[in-house]
Amino acid sequence: MALIVGVRFKTVGKVYYFDPDGLDLPLGEKVIVETTRGIECGEVALEPRELEGEEFAHPLKKVMRVATKADLQQVEENLERQKKAFAIAQEKIEKHGLDMTLIDVEYTFDGNKILFYFTAEGRIDFRELVKDMASVFRTRIELRQIGVRDEAKLLGGLGVCGRPFCCATFLDEFQPVSIKMAKEQGLSLNPTKISGTCGRLMCCLKYEQEAYEDLMKTTPKAGSLVETPEGRGIVTDVNLLTGRLSVRLDQFPDAAPGVFHRDDVTLLRGSRGGGGRPFREPRGERQEAGQDREGEVLSSGFVAEEATKSGATEGGARPKAARPGRGRPRPPRTEGNGTAPDAASRPARNSGQRNAGEAGAGAQEPGAAGEAKPRSTRPYRGRKPYHPRGEGKKPQGE
């Protein structure tokens with residue numbers, strides 16, 4: 001059990017824990033604390049309280065003191081110095097020709113460090129810029145590259161809803177947002193409609209995601225087979241918030257889908273997790289309902305789709321696609337005189353009978369009339385043999 005106090009250093013920023021050191025610190029009180037950046041002036045965001053079961057890797061730093069009038073005046077002077085430092089830094093950036101946009105400048109409370117926040121498309125080599133600025137301000141200079149979300153948080157503005165940015169008003173840190181959230185909530189996937197001013201997905205997609213996930217556990221998906229008080233049918237559309245399901249009944253395939261509540265239907269085939277885009281039935285006319293392997297009558301759209309995918313025939317085998325030229329008879333071989341060769345006169349294809357000496361005593365000599373020429377006596381048409389260093393070559397002049 002530890003006694004802590006929460007301190008925030010920006011209007012909308014993360015809350016850091018410190019040891020109150022026995023001081024009475026009401027909410028909103030200005031205090032002076034020591035941080036990794038140096039001495040800072042912050043505002044109490046959480047009154048002193050005991051946290052049970054909290055374990056900290058390092059001992060908490062203590063609050064130095066409550067801010068005095070001199071400390072508050074020092075803060076005001078730092079704000080004026082920040083405006084001048086911003087203008088000087090802007091001139092230096094243009095002088096060095098760097099492709100970077102300066103966003104904000106921040107002085108530490110004791111003035112030992114100046115932080116410059118900027119955005120850029122890629123990595124920037126600002127070593128010469130830091131040397132030039134250090135010679136002007138005579139203090140430590142630190143440049144930090146931030147993203148577009150942090151830029152919107154620092155600058156502020158109005159969102160597409162007409163209200164100030166959530167990140168600039170009450171969000172102390174960014175939450176991960178994915179396109180899957182917009183899909184589950186049934187929103188348009190057009191990037192211009194689900195993106196904020198910063199160009200990233202809107203942070204408000206995260207607000208209702210937990211409620212949608214709870215409703216999806218008890219709502220059938222679009223395309224599921226359900227049993228309704230009026231008969232079986234397929235879910236074509238789902239409204240998660242109201243719990244209304246549009247179901248196309250099998251007994252009235254040409255009629256408009258009926259509307260039922262999710263508590264009045266029973267899931268037969270499919271899964272839960274409704275939401276997203278409406279269900280599209282397969283193309284073509286709806287055929288009569290058939291039976292599956294277990295003998296259960298299914299929806300006509302489901303049977304037509306399964307039959308189209310499987311392509312099975314009555315015999316159970318999938319038909320092969322016909323190829324051009326398959327099944328044509330091969331023309332018979334003919335000799336030079338136009339007659340078909342006799343089976344006895346054909347040359348042996350066995351590798352051991354290619355040469356005339358290996359064919360046996362009853363074999364005829366190659367080249368006889370009315371006989372095909374063996375392969376072994378055909379002229380060689382391959383590459384010429386390789387003779388290294390001229391060995392085996394026929395001497396010139398012979």
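Is K113 buried or exposed? In this predicted model, K113 has a relative accessibility of 9%, so this lysine counts as buried, the cut-off being under 20%.

**Around K113**

K113 is found in strand β7. Its side chain makes a polar contact of 3.4 Å with the side chain of E142. Leaving out residues up to four places away in sequence, K113 also touches R37, E106, Y107, T108, T139 and R140, along with E142 itself.

**Around N78**

Now let us turn to a second residue, N78, which lies in helix α1, residues 69-96. N78 counts as buried because its relative accessibility is 4%. A polar atom of the N78 side chain sits 3.3 Å from the backbone oxygen of F109. If neighbours within four places in sequence are set aside, N78 is in contact with Y107, T108 and F109. Two of these names may look familiar: Y107 and T108 are among the residues that K113 touches.

Here are the two residues side by side.

| Residue | Element | Relative accessibility | Polar partner and distance |
|---|---|---|---|
| K113 | strand β7 | 9% | side chain of E142, 3.4 Å |
| N78 | helix α1 | 4% | backbone oxygen of F109, 3.3 Å |

**Helix α1**

How far apart are the end C-alpha atoms of α1? They are 41 Å apart, which agrees with the 40 Å that the 28 residues of α1 should span at 1.5 Å a residue. Just after the helix, G97 takes a positive phi of about 65°.

N78 has buried company in α1: D71, Q82, A85, A89, K92 and I93 are buried there too. What covers the buried residues of this helix includes the strands β3 (30-35), β5 (63-66), β6 (101-107) and β7 (113-119), as well as helix α2 (127-137). So the cover includes β7, and K113 is found in that strand.

**The largest pocket**

The largest pocket holds about 1600 Å³ of space. Its lining is made up of 47 residues, and R8, F9, K10, R37 and E106 lie nearest the centre. Of these, R37 and E106 are also touched by K113.

Which element gives the most to this lining? That is α1, with six residues. At least two lining residues each come from β2 (15-18), β3, β4 (38-51), α1, β6 and α3 (148-155). By character, the lining divides into 21 nonpolar, nine polar and 17 charged residues.

Notes. Residues are numbered from 1 along each chain as its sequence is written. This is a predicted model: local features need pLDDT of at least 70, side-chain atom pairs count only at pLDDT 80 or more; totals for chains, interfaces and linings use all residues. Side-chain values use heavy atoms; hydrogens and water are left out. Buried means under 20% relative accessible area, exposed over 50%, partly exposed in between (1.4 Å probe, protein chains only). A polar contact is a pair of N or O atoms within 3.5 Å; within protein, one must be able to donate a hydrogen and the other to accept it, and residues adjacent in sequence count only if both atoms are side-chain atoms. Contact means heavy atoms within 4.5 Å. The expected span of a helix is 1.5 Å times one less than its number of residues. On a 1 Å grid over the protein atoms alone, a cavity is a set of points where a 1.4 Å probe fits but cannot get out, and a pocket is an open set with protein on both sides within 12 Å along at least five of seven lines; lining residues have an atom within 4 Å of a point. Grid points are joined across faces, edges and corners, and a volume is the space filled by probe spheres set on the points. Ala, Val, Leu, Ile, Met, Phe, Trp, Tyr, Cys and Pro count as nonpolar, Asp, Glu, Lys and Arg as charged, and the others, Gly among them, as polar.
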